[in-house]
Structure formats: C-alpha cells, structure tokens
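Colleague: I should like to learn how features of a structural model are read. Please begin with a single residue and then widen the view.

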Amino acid sequence: MISDRMADLLNRQMNREFFNSHLYLSMATYFYDINLDGFAHWMEKQAEEETEHAMRLYAQLQERGARIKVGCVEAPPLEWSSPLAAFEDAYAHECKVSGEFDELVEEALALKDYATLNFLQWFLEEQVEEEASVDEVVQKLKMAGNSPGALLMLDKKYGARED
Ligand code: FEO
C-alpha cells in the first residue's frame, strides 16, 4: 500500500504531465499559425508522449490502491516570439520537469518507498532523452538563424517524427 504522502505527490505529477501535454499542443497550434506544419506535427507527438507519461502515473496509482485525483489543467501560453523561443521554452520546461522527478525520487527515498523508487527510474531515463531531443532542435534552430530556407528544411525534417 502506498502512503498518502506519496499518492498525493504522484497525483500532482500526473496532473503536471497533463499540463505538459496541453503546453505542447498549444505550441503545435502556434506552429500551425505560422505555417510550420512540420514543427506542429513534432509538438503533437510530444503532446501524445506527455499524455502517456500522465497515464503511466495514473496506472501506477491504480495498481498501488491509491485514489486517483484528476484535477484542473491550467491554460498554457498561446504565443511565442519565434520558433527558437518556443523550443527554448520547451527545453527550459523539460529541465524543470527533470527537477520534479528528482524531487519525487528524494521523497521516495525519505519514505523508504522502494516500489515507487523503482517506478520512477523509467522517468529519470526518459527525462534525459526528453532534454536531449528538445535541445537538439534548439541548437539546429540557432544554426538556421534568420535563413528561411534552413528553417523550412528543419520543418520538413522534424515533421517526419514518428514517435
Ligand atoms: Fe513528461 Fe516531457 O515531461
């Protein structure tokens, strides 16, 4: 049986992951709005992954016999000043999420909740990948600078994202 404290923390993280999904969906709409459909597709895939993260937490809470508490999701921003600004925001956000999982690990250790500690390992690895994949786009957008041709090439490349 999971402790009330840990169940509350996992519920909070589940709702944060639903927000993350909305954030990337909002970024997708920004990219559609500026006619970069490839980046919009990339963001939609990212939003799907975030929903999967939330559902992993949901399933864990269910399996551990905790009450699942689906809450409100705050509205994400709608606009960014440039494609680079959107991806820089995404990168900063992923670093913040990594910190959230680090805190969950510390709590699980403090509570001697080794089952949750084991469950959280997957997220620690996932966050390393998430930070790297977003940073890759940031670096490429910086290289593209003000070149519309380079931006369109990147839009095509990232529009091919499959998972
Ligand atoms: Fe689920 Fe990208 O953090």
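Modeller: Let us start with Arg-161, which is placed in the segment after α5. Helices (DSSP runs of H or I, at least four residues) and strands (E, at least two) are numbered from the N terminus. The model is a predicted one, in which local features need pLDDT of at least 70 and side-chain atom pairs count only at pLDDT 80 or more, while totals for chains, interfaces and linings use all residues. Residues are numbered from 1 along each chain as its sequence is written, and side-chain values use heavy atoms, leaving out hydrogens and water.

Colleague: Is Arg-161 buried or exposed?

Modeller: Buried means under 20% relative accessible area, exposed over 50%, and partly exposed in between (1.4 Å probe, protein chains only). Arg-161 has a relative accessible area of 14% and is therefore buried.

Colleague: With which side chains does Arg-161 make polar contacts?

Modeller: A polar contact is a pair of N or O atoms within 3.5 Å; within protein, one must be able to donate a hydrogen and the other to accept it, and residues adjacent in sequence count only if both atoms are side-chain atoms. The side chain of Arg-161 pairs in this way with that of Gln-46 at 2.9 Å, and with that of Glu-49 at 3.2 Å. Contact in the general sense (heavy atoms within 4.5 Å) links Arg-161 to His-41, Trp-42, Lys-45, Gln-46 and Glu-49, leaving aside neighbours within four places in sequence.

Colleague: What is the overall architecture, and how many helices and strands are there?

Modeller: The protein has five helices and zero strands, in the order α-α-α-α-α along the sequence. Its C-alpha trace spans about 55 × 25 × 25 Å along the principal axes. Of the 163 residues, 45% are buried. Among contacts between residues at least 6 apart in sequence, 80% join residues at least 24 apart.

Colleague: Which residues have the most contacts inside the largest nonpolar core?

Modeller: In soluble globular proteins, nonpolar side chains tend to be buried together. A nonpolar core is a set of buried Ala, Val, Leu, Ile, Met, Phe, Trp, Tyr and Cys residues joined through side-chain atoms within 4.5 Å. The largest one here has 24 residues, and Met-27, Phe-31, Phe-39, Trp-42, Met-43, Phe-87 and Val-137 have the most contacts inside it. Two or more residues come from each of α1 (4–33), α2 (37–63), α3 (83–110), α4 (114–144) and α5 (148–158), and α1 gives the most, with seven. A second, separate core of 21 residues includes Leu-9, Leu-10, Phe-18 and Ile-68.

Colleague: Where is Phe-101 found, and what does Phe-101 touch?

Modeller: Phe-101 is found in helix α3 and counts as buried because its relative accessibility is 0%. Beyond residues up to four places away in sequence, Phe-101 touches Gln-13, Glu-17, Leu-120, Phe-123, Leu-124 and Gln-127. Phe-101 and Leu-10 lie 91 residues apart in sequence and 9.9 Å apart in space, C-alpha to C-alpha.

Colleague: How should backbone angles be read, and what is the phi of Asn-35?

Modeller: Most residues other than glycine have a negative phi. Asn-35, in the loop between α1 and α2, has a positive phi near 65° and is exposed, at 63% relative accessible area. Lys-112, in the loop between α3 and α4, also has a positive phi, of about 55°, and counts as exposed at 60% relative accessibility.
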